[in-house]
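Open the model in your viewer and keep the selection panel at hand. The tour below goes from the whole chain to one strand and back out again.

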Amino acid sequence: MNDDTLFLTDEDTAVPGERPEQRLERRSASVLKHRLLEQERKQFEESLASAKADGALERAAALIVSARRRFLIGASKSFTYASLLAADLSYGLANVTLIDGTIVRPLDVLSDVRTSDVMIAVSLQRYRKYTIDSVVPFAEAGGSLVLITDAPDAPLTPYADETIVLGRAEDGHPSSSIGIALTLHVLATLTTASAKGAGRRAVERERLAETLGVYVSDED
């Protein structure tokens with residue numbers, strides 16, 4: 001019995017009128033799905049274990065809280081994660097700015113770096129020059145850097161004040177999106193939980209959202 005046999009389900013039984021090649025294609029998709037889900041499960045469990053043991057999350061949260069201004073940057077898929085973290089941090093913190101390259105450009109930030117600023121950079125393989133070329137001058141100008149990456153020897157590691165390393169799959173494939181989202185959620189929660197006035201800002205945001213009719217109500 002080979003490994004593929006372990007994933008056979010009722011879906012693998014013959015369907016009236018189905019050609020053999022169609023059944024083979026369906027069965028292959030089912031096997032692939034189970035393998036992918038198993039890989040995601042393993043990486044998620046590893047991310048949980050890493051989050052519990054890694055003190056970098058607490059240290060990074062403290063650094064972000066102590067900053068006067070917080071900037072987030074990432075490129076390509078990393079930009080999506082940076083946007084997610086920016087949204088979560090903005091819920092309880094003031095002065096959170098996402099560098100999107102259009103409205104807020106790296107040059108705008110680099111022209112006025114203060115020692116009380118922190119840059120949160122999401123930089124995952126393959127590493128983008130855009131992120132590196134933007135972050136290095138920021139760190140050299142005296143700003144603090146929190147790096148979220150997937151390898152301890154990532155290009156920006158030497159410049160980081162705190163580095164959060166996300167695990168990669170055993171076969172070298174990129175880190176699980178679920179594991180990354182979990183780590184970002186923990187970081188954001190730790191940060192906002194220790195920030196003065198975070199609760200008051202959250203309440204005020206909800207009040208304003210209600211006043212402005214931001215959300216769809218049950219009556220709509």
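**The whole chain**

Start with everything displayed. Of the contacts in the protein chain between residues at least 6 apart in sequence, 66% join residues at least 24 apart. This is a predicted model, so colour it by confidence before going on. The mean pLDDT of the protein chain is 83, and 78% of its residues reach 70 or more. Now select residues 1–12. Their pLDDT is below 50, and beyond near neighbours in sequence the stretch has 19 contacts in the model.

Switch to cartoon. The protein chain has seven helices and five strands. Along the sequence they follow the pattern α-α-β-α-β-α-β-α-β-β-α-α. Colour by burial next: of the 220 residues in the protein chain, 35% are buried.

**The sheet**

Select the strands. In what order do the five strands lie in the sheet? The order is β2-β1-β3-β4-β5, in an open sheet with parallel pairing. Look at the two edges, β2 (96–98) and β5 (162–165). Each has a single partner strand, so one side of each is left without a neighbour in the sheet. Turn the view to follow the twist, which averages 15° from one strand to the next.

**Strand β1 and its partners**

Zoom in on β1, residues 69–74. On one side, β1 pairs with β3 (residues 117–123) in the parallel sense, over six bridges. To find the register, select Ile73: its bridge partner in β3 is Ala121. Then go to β2. Three bridges join β1 to β2, and the two run parallel. Here the residue to pick is Leu72, whose bridge partner in β2 is Leu98.

Show the side chains of β1. In a regular strand, side chains alternate between the two faces of the sheet. Arg69, Phe71 and Ile73 point one way from β1, while Arg70, Leu72 and Gly74 point the other way. Are these residues buried or exposed? All are buried. With six of its six residues buried, β1 is largely enclosed by the rest of the structure.

**The helices across the sheet**

Add helix α3, residues 77–90. Helix α3 lies across β1, β2, β3 and β4 (144–149). Its direction is at about 155° to β1. Trace the chain from β1 through α3 to β2: the three make a right-handed β-α-β unit.

Now add helix α5, residues 129–140. Helix α5 lies across β1, β3 and β4, and runs at about 160° to β3.

**The aromatic pair**

Last stop. How many aromatic pairs does a search of the whole structure find? The search finds one. Select Phe71 and Phe138. Their ring centres are 6.3 Å apart and their planes are at 75°, so the pair is edge-to-face. The pair links distant parts of the chain, with Phe71 in strand β1 and Phe138 in helix α5, 67 residues apart. Phe71 and Phe138 are both buried.

Note on methods
Residues are numbered from 1 along each chain as its sequence is written. This is a predicted model: local features need pLDDT of at least 70, side-chain atom pairs count only at pLDDT 80 or more; totals for chains, interfaces and linings use all residues. Side-chain values use heavy atoms; hydrogens and water are left out. Two strands pair if DSSP finds at least two bridges between them. Helices (H or I, at least four residues) and strands (E, at least two) are DSSP runs, numbered from the N terminus. Axes are lines fitted to C-alpha atoms, for helices over the stretch in contact, and angles run from 0 to 180 degrees between N-to-C directions. Contact means heavy atoms within 4.5 Å. Buried means under 20% relative accessible area, exposed over 50%, partly exposed in between (1.4 Å probe, protein chains only). A crossover is right-handed if, with the strands pointing away from the viewer, the path from the first strand over the helix to the second runs clockwise. Rings of Phe, Tyr and Trp (its six-membered ring) pair if their centres lie within 6.5 Å; planes under 30 degrees apart count as stacked, over 60 as edge-to-face and the rest as tilted. pLDDT is the predictor's confidence in each residue, from 0 to 100.
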